[in-house]
Amino acid sequence: MNIQNVASEQTAIGIAHSKLILIGEHAVVHGQPAIAIPFPLVGVESVVEYVPGSVKLDSSFYHGPIDSVPENLNGIANCIKETLDYLGLPSRDLLIRINSSIPHGKGLGSSASVAVSIVRSLFSYAEEEYTNDTLLKLADVAETYAHGSPSGIDTLTITSETPVWYEKEKPIDFIELSEDFHFVVADSGRIGDTRLAVESVANLLRTAPRRFQRKLDRIGELTHQAKHALEKAGKHFLGQMLNEAQKELEALGVSDAGLNKLIYFARQEGALGAKLTGGGNGGCIIALARNEVHSRQLAEKLRKVGAHAVWPFVLKKDH
Ligand code: MEV
């Protein structure tokens, strides 16, 4: 999917791809770094058109005026209102149709992609240019509702074309790969609630701060090592870092039986490393394969063992 907006007279389109967190999820909420990668195999398209009446949403998750959305869509509704306000457009006479191929609640940044595609489509409708900062700020209105206290990594990666090194409130950095890395993403089938998972980690930190802070710090160290692996040390070392990070995520209580089953199976089948990706407690795993052929074989095996969907993909050196 190309990230470009196409405006016609009274219809405009905004597109956004999805994202994956390679390593550092949860710790990133508490100030540690994380590495995230754009995931273009799935995405969202938002189409805005002039339809007299109130501003309405038409999607698989809701159909109706944005003023009467259910609570879980307040973020999207506010994101739309703030964007219209920013653009000086009245809050009426619009239908926003959302088509998404991103499974929701699977750690693939579905909520952030919806928000980014909507903001892009509204700018396109108004025939206005946006800066990346404005796009992030407006899309993050929706994320604040979806995640409670989001790190901002999802929206940022969705608007990026390259792997990102992300630390809250620090300038973003990009990672140059020393080789191609072949992965498989597999969907456990269960929906995870990122907001709940983020809250549960915050609760652990409140009850036993030293013990759980050590785990987040350890994920931070592993993330630094993973960067070194991507830039220099290579896939075997990266695999070890992913496995180590999974240990810490399990200790933080965000990996459930369905994820663990796929993760251990992937390792048994030769994955160099495997862990959950995103918020956890449902959602997807990411496994590092040995090469392209292995990534396809592994994907097929993961599907046979119960993964609801599988995506073998490559992170290319020159990307
Ligand atoms: C969700 O994709 C990643 C988390 O770290 C939450 C966040 O960073 O906002 C779990």
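In this predicted model, R195 pairs with E199 in a salt bridge whose closest N and O atoms lie 3.7 Å apart. Both residues belong to helix α5, which spans residues 194-207, and they sit four residues apart, or about one turn of the helix. Neither partner falls at an extreme of accessibility: R195 is partly exposed, with a relative accessible area of 31%, and E199 is likewise partly exposed, at 36%.

This pair belongs to a wider set, as the count of salt bridges comes to 18. Helix α6 offers two further cases that are pleasant to follow along the sequence. In one of them, the side chains of R218 and E221 meet with an N to O distance of 3.3 Å. These two residues are three positions apart in α6, so about one helical turn separates them. R218 is partly exposed at 29% relative accessibility, and E221 is partly exposed at 44%. In the other case, K227 and E231 form a salt bridge, again with 3.3 Å from N to O. Here the spacing within α6 is four residues, about one turn of the helix. The two partners fall into separate accessibility classes: K227 has a relative accessible area of 18% and is buried, the cut-off for that class being under 20%, whereas E231, at 31%, is partly exposed.

The R218 and E221 pair does not stand alone. Which residues are linked with R218 in a network of salt bridges? The network joins R218 and E221 to E244 and K247. Of these, R218 is among the α6 residues, and E244 among the α7 residues, that meet where the two helices touch.

That helix pair deserves a closer look. Helix α6 covers residues 209-233 and helix α7 covers residues 235-251; their axes come within 9 Å and cross at roughly 165°. Angles over 145 degrees count as roughly antiparallel, and α6 and α7 are therefore roughly antiparallel to each other. The crossing of α6 and α7 is left-handed. On the α6 side, the contact is made by F212, K215, R218, I219, L222, Q225, A226, H228, A229, L230 and A233. On the α7 side, the participants are K235, F237, L238, M241, E244, A245, E248, L249 and A251. By class, the contact of α6 with α7 comprises 13 nonpolar, two polar and five charged residues.

One of the charged participants in this contact, E248, can be described in some detail. Is E248, a residue of helix α7, buried or exposed? At 12% relative accessibility, E248 counts as buried. Leaving aside residues up to four places away in sequence, E248 touches K215, R218, I219 and L222. These four neighbours are each listed among the α6 residues that meet α7, and R218 is also a member of the salt-bridge network described above.

Helix α7 has a second partner to consider. The axes of α7 and helix α8, which runs over residues 257-268, come within 13 Å and cross at roughly 160°. The two helices are therefore roughly antiparallel to each other, and their crossing is left-handed. The contact involves N243, Q246 and E250 from α7, together with N260, I263, Y264 and R267 from α8. Sorted by class, the residues of the contact of α7 with α8 are two nonpolar, three polar and two charged.

Outside these helices, two loop residues attract attention through their backbone angles. D93 has a phi near 60°, a positive value in a residue other than glycine. D93 is found in the loop that connects α1 (74-87) with β6 (94-100). E169 also has a positive phi, of about 60°, although it is not a glycine. The loop that holds E169 lies between β7 (164-166) and β8 (173-174). Where do these two residues stand on the scale of accessibility? D93, at 16% relative accessibility, counts as buried, while E169, at 82%, counts as exposed.

Notes:
Residues are numbered from 1 along each chain as its sequence is written. This is a predicted model: local features need pLDDT of at least 70, side-chain atom pairs count only at pLDDT 80 or more; totals for chains, interfaces and linings use all residues. Side-chain values use heavy atoms; hydrogens and water are left out. Axes are lines fitted to C-alpha atoms, for helices over the stretch in contact, and angles run from 0 to 180 degrees between N-to-C directions. Angles under 35 degrees count as roughly parallel, over 145 as roughly antiparallel, 65 to 115 as roughly perpendicular and the rest as oblique. A crossing is left-handed if the near helix is turned anticlockwise from the far one by less than a right angle, and right-handed if clockwise. Contact means heavy atoms within 4.5 Å. Buried means under 20% relative accessible area, exposed over 50%, partly exposed in between (1.4 Å probe, protein chains only).
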